[in-house]
2 protein chains.
Amino acid sequence: MSARAGIVVTGTEVLSGRVTDRNGPWLSDRLAELGVDHAFTLVVGDRPEDMDRALGFLASSGVDVIITSGGLGPTADDVTAEVVGRFQGREMVLDDALEGRIGEILDRYMSRWPGLDPAAIRASNRKQAIVPAGATVLDPVGTAPGLVVPPASGNGGPTVVVLPGPPRELREMWPAAAAADAFGAAIAGAADYRIRTLRLYGIPESEIAQTLRAADAAGPGLDGLEITTCLRRGELEVVTRYEPGAADAYDAFEALVRARHADTLFSTDGSTVDEQVAALLRSAGWTIATAESCTGGLLAGRLTDLAGSSDYVAGGLVVYSNEAKTALAGVPSSLIVSVGAVSVEVAEALADGARRALGADVGVGITGVAGPGGGTATKPVGLVCFSVAGPEGRRIARSSRLPGGRADVRERSTTVAMHLVRRLLRGETDDASVLI
Amino acid sequence: MSARAGIVVTGTEVLSGRVTDRNGPWLSDRLAELGVDHAFTLVVGDRPEDMDRALGFLASSGVDVIITSGGLGPTADDVTAEVVGRFQGREMVLDDALEGRIGEILDRYMSRWPGLDPAAIRASNRKQAIVPAGATVLDPVGTAPGLVVPPASGNGGPTVVVLPGPPRELREMWPAAAAADAFGAAIAGAADYRIRTLRLYGIPESEIAQTLRAADAAGPGLDGLEITTCLRRGELEVVTRYEPGAADAYDAFEALVRARHADTLFSTDGSTVDEQVAALLRSAGWTIATAESCTGGLLAGRLTDLAGSSDYVAGGLVVYSNEAKTALAGVPSSLIVSVGAVSVEVAEALADGARRALGADVGVGITGVAGPGGGTATKPVGLVCFSVAGPEGRRIARSSRLPGGRADVRERSTTVAMHLVRRLLRGETDDASVLI
């Protein structure tokens with residue numbers, strides 16, 4: 001049996017969705033690296049009784065460690081340290097040395113906010129130095145310290161690791177938490193397991209369901225493999241978790257997927273299409289440029305997400321208006337009049353215009369109807385036209401009807417474009433029968 | 001006592017963070033509109049025993065209704081309907097009429113995927129027609145039906161609403177779920193309460209903590225107000241929930257915030273800075289254009305997020321390379337050599353270049369060091385320079401050191417730019433003492 005963990009994300013703003021939780025997923029990855037089985041994430045508001053219930057649930061589910069994020073700030077709704085201390089049967093005490101360290105941090109911080117009253121700020125932050133007796137204190141990254149709180153001696157149950165809510169502070173503090181003796185003792189039963197990811201593009205989920213049934217019936221079957229499939233931004237991800245003893249079963253399963261889905265399987269090593277496009281551009285020594293209408297800069301934004309992208313991203317044009325399409329990307333206004341702004345022809349002219357304007361090797365043109373308005377019978381909401389143009393006359397163009405609302409159509413369009421760029425860079429022909 | 005609800009989001013891909021949960025937050029808003037108190041969101045993997053524990057926890061926490069999302073697909077790891085049926089003490093039965101409806105949907109769907117085997121797909125999807133006896137079936141939006149499942153007669157406990165995982169399907173199905181008799185009966189105790197949001201920019205959280213203490217000590221105090229504060233993309237949100245009887249207390253609290261934070265409070269009606277910028281551009285009849293370096297198109301992407309933004313967004317330039325800054329935005333290469341690409345001067349030239357190239361009224365220039373590489377002693381990672389230029393020589397420029405990693409710096413930069421645009425559009429002067 002592997003060690004198990006639960007995560008408690010606190011904050012009414014997360015529960016209500018005003019803030020997207022980035023800590024649960026990040027902590028889940030860290031736990032996986034340590035071989036700890038992540039069983040639950042609970043999101044709770046800033047009510048002490050609900051937080052207490054969440055801790056009680058995880059303890060009764062038999063987890064060995066609980067990680068909390070958030071609720072360590074200076075306002076009265078920040079109650080995590082106190083709730084955890086009580087839950088673990090430990091008294092709350094003022095840690096003088098910690099108060100001093102927080103004071104030093106505040107002095108530095110205050111220089112950025114001239115005109116504030118230092119005494120009032122210190123009063124607000126004193127509560128951050130009140131911690132459960134016997135807890136391991138983790139040095140603040142912002143102003144809030146973290147805590148590793150084992151149950152009081154005699155009490156059984158999980159050890160609780162208390163981390164701050166801001167993702168940057170939590171991430172910077174994590175190594176200290178993971179290195180704490182009490183944490184190591186709590187996860188002593190961690191298993192050695194592997195996680196493999198296959199990614200496919202242009203395939204419905206029911207096709208993979210068939211392959212899973214075929215794999216189950218053949219050879220070593222699926223024993224020992226924990227397989228989950230999910231659709232994500234138009235791609236299908238197949239993630240498998242297994243202990244080393246099931247390696248043969250996994251290899252047989254992966255071989256079957258390769259054989260049955262050779263045309264849609266694009267990643268077997270965990271790489272994303274973004275990373276593949278970056279590597280292909282680097283190895284070709286080529287630069288890329290965009291001319292976007294309905295996506296309004298999102299593809300350029302996605303291409304520049306990766307550090308070092310200045311090596312191969314020349315830049316882009318956001319040509320939302322027809323005037324801009326003509327002035328910046330050189331799309332003939334007569335073409336727009338004759339075939340319409342949303343057309344494969346205009347997408348091709350945009351791709352050529354992006355190459356020319358930025359002096360790039362590869363150009364991408366996107367034009368479509370993101371909605372909710374602007375759709376017609378022949379050009380409905382969700383219709384998006386793409387073109388990718390490269391050196392030596394290489395070109396791939398496509399027109400797709402994408403599902404969903406405005407945000408879905410815009411985001412999905414960047415994924416389609418990425419896959420078309422990947423195909424062009426791999427020298428694949430423009431085979432329109434490939435569902436892309 | 002108000003009716004209470006819990007949400008269970010299923011899927012190992014959500015638990016591990018490969019997919020961001022968009023359903024929990026959306027459902028939370030719908031529950032709030034109905035006056036139902038949302039107490040917990042649990043994220044669980046695709047293991048039946050963990051899902052069962054999650055339902056048990058919510059039932060024992062006394063919620064009146066549980067909403068699940070996901071786990072209704074055709075693969076073997078999709079087990080929600082069965083787990084919920086068993087939890088509610090109901091037998092699983094094949095619904096023939098439902099199987100027929102799913103069959104019709106698949107026939108239409110198959111026309112998009114020529115070459116697939118219809119019989120195999122139908123077999124994969126038959127399990128989607130096996131539902132708990134006595135449940136209300138909600139018509140499929142994709143291929144999966146939803147369910148409203150009250151406890152079997154004699155059993156107490158919450159009613160469970162089972163919805164599909166894809167956000168578009170879940171949202172489209174929600175009105176039918178909310179209209180079901182069994183759902184209405186479960187939330188009969190819903191309260192009438194109000195939610196108000198204040199947004200501030202350029203203020204540390206400890207300042208609001210002080211204001212909360214002052215409000216608590218004065219006049220009607222904070223009785224009956226449930227106030228949560230949170231930092232979000234560089235903005236501070238103060239959300240207050242209260243029943244109608246506490247309206248006076250809320251009004252007094254809001255007046256105090258207005259008085260103490262007049263210079264940083266920018267929204268009292270729930271509007272975002274994005275919406276305010278859109279409204280200001282519309283009322284001025286102005287267009288906007290961008291020239292972005294380190295943000296690589298993210299500001300243009302954000303400006304075009306809102307439907308109808310083609311009315312005021314002219315377009316943008318993504319000028320990642322110095323050559324592009326000169327060729328497209330007309331930044332003199334001599335200026336780049338003398339002051340460096342990351343400088344307020346180049347930001348100003350970018351803003352002017354964006355106005356000129358796109359023929360827009362307002363131009364925004366952004367240039368900075370997003371990291372992780374590229375920082376120097378005088379221009380460290382996180383240093384970003386902004387300029388907004390408008391008609392009649394209006395201009396606001398700023399240089400900021402933004403915290404966090406590459407993604408944080410890029411995203412936060414779009415927020416700073418939005419606030420600078422807002423100030424220029426409101427005719428505010430370029431007061432550098434305002435912390436923006």
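User: Which residue's side chain meets R423(B) in a salt bridge?

Analyst: Keep in mind that this is a predicted model. A salt bridge needs a side-chain nitrogen of Lys or Arg within 4 Å of a carboxyl oxygen of Asp or Glu. Here the N to O distance is 3.1 Å, and the partner of R423(B) is E428(B).

User: Is E428(B) buried or partly exposed?

Analyst: Buried means under 20% relative accessible area, and exposed means over 50%. R423(B) sits at 5%, so that end of the pair is buried. E428(B) has 31%, so the label for E428(B) is partly exposed.

User: How many salt bridges are there over all chains?

Analyst: The pair R423(B) and E428(B) is one example. Another joins E99(B) and R126(B), at 2.5 Å from N to O. Counting over all chains, the number of salt bridges is 41.

User: Where does R126(B), the partner of E99(B), lie?

Analyst: The E99(B) and R126(B) pair links distant parts of the chain, 27 residues apart. E99(B) counts as partly exposed at 23%, and R126(B) is partly exposed too, at 42%. E99(B) belongs to helix α5 (residues 96–110) of chain B, while R126(B) lies in helix α6 (residues 118–126) of chain B.

User: What parts of chain A does the salt bridge between R4(A) and D37(A) tie together?

Analyst: The side chains of R4(A) and D37(A) meet at 3.5 Å, N to O. The two are 33 residues apart in sequence, so their salt bridge ties together separate parts: strand β1 (residues 4–10) and strand β2 (residues 37–44) of chain A.

User: Are R4(A) and D37(A) buried or exposed?

Analyst: The cut-off to use is under 20% relative accessible area for buried. R4(A) falls in that class, and D37(A) does as well, so both are buried.

User: Which residue of chain B forms a salt bridge with R4(A)?

Analyst: R4(A) already meets D37(A) within chain A. Across to chain B, R4(A) has a salt bridge at 3.0 Å, N to O, and the residue there is D50(B).

User: Which residues are linked with R4(A) in a network of salt bridges?

Analyst: We've met two of them: D37(A) and D50(B). The network takes in residues of both chains, and the ones linked with R4(A) are D37(A), E226(A), R241(A), R47(B), D50(B) and R53(B).

User: How many salt bridges cross the interface of chain B and chain A?

Analyst: R4(A) with D50(B) is a salt bridge between the two chains. There are also 29 residue pairs in polar contact across the interface, both residues at pLDDT 80 or more. For salt bridges across the interface, the count is 10.

User: What area is buried between chain B and chain A?

Analyst: Each chain puts 93 residues into the contact. In chain B, R18(B), R47(B) and Y320(B) lose the most area to chain A, together 9% of what that side buries. Carbon and sulfur atoms give 56% of the total, and that total is about 7,100 Å².

User: Which residues of chain B does T228(A) contact, beyond its sequence neighbours?

Analyst: T228(A) has its place in strand β10 (residues 226–232) of chain A. At 4% relative accessible area, T228(A) is buried. Leaving aside neighbours within four places in sequence, T228(A) touches E237(A), V238(A) and V239(A) in chain A, and from chain B, T12(B), R18(B), D46(B) and D77(B).

User: Why is there no bond between the sulfurs of C294(A) and C385(A)?

Analyst: A disulfide calls for two cysteine sulfur atoms within 2.5 Å. C294(A) is buried at 3%, but its closest cysteine sulfur, in C385(A), is too far for a bond, at 8.9 Å.

User: How many disulfides are there over all chains?

Analyst: Chain B tells a similar story: C294(B) is buried at 4%. The closest cysteine sulfur to that of C294(B) is in C385(B), too far for a bond at 8.9 Å. Over all chains, the disulfide count is 0.

User: What share of the residues in chain A is buried?

Analyst: Chain A has 16 helices and 17 strands, and its C-alpha trace spans about 80 × 70 × 40 Å along the principal axes. Of the contacts in chain A with a separation of 6 or more, 69% join residues 24 or more positions apart. Out of 436 residues, the buried share is 58%.

Definitions and conventions: Residues are numbered from 1 along each chain as its sequence is written. Chains are lettered from A and ligands numbered from 1 in the order in which they are written. Side-chain values use heavy atoms; hydrogens and water are left out. Buried means under 20% relative accessible area, exposed over 50%, partly exposed in between (1.4 Å probe, protein chains only). Helices (H or I, at least four residues) and strands (E, at least two) are DSSP runs, numbered from the N terminus. Contact means heavy atoms within 4.5 Å. Buried area is the accessible area (1.4 Å probe) that two parts lose on being put together, summed over both. A polar contact is a pair of N or O atoms within 3.5 Å; within protein, one must be able to donate a hydrogen and the other to accept it, and residues adjacent in sequence count only if both atoms are side-chain atoms.
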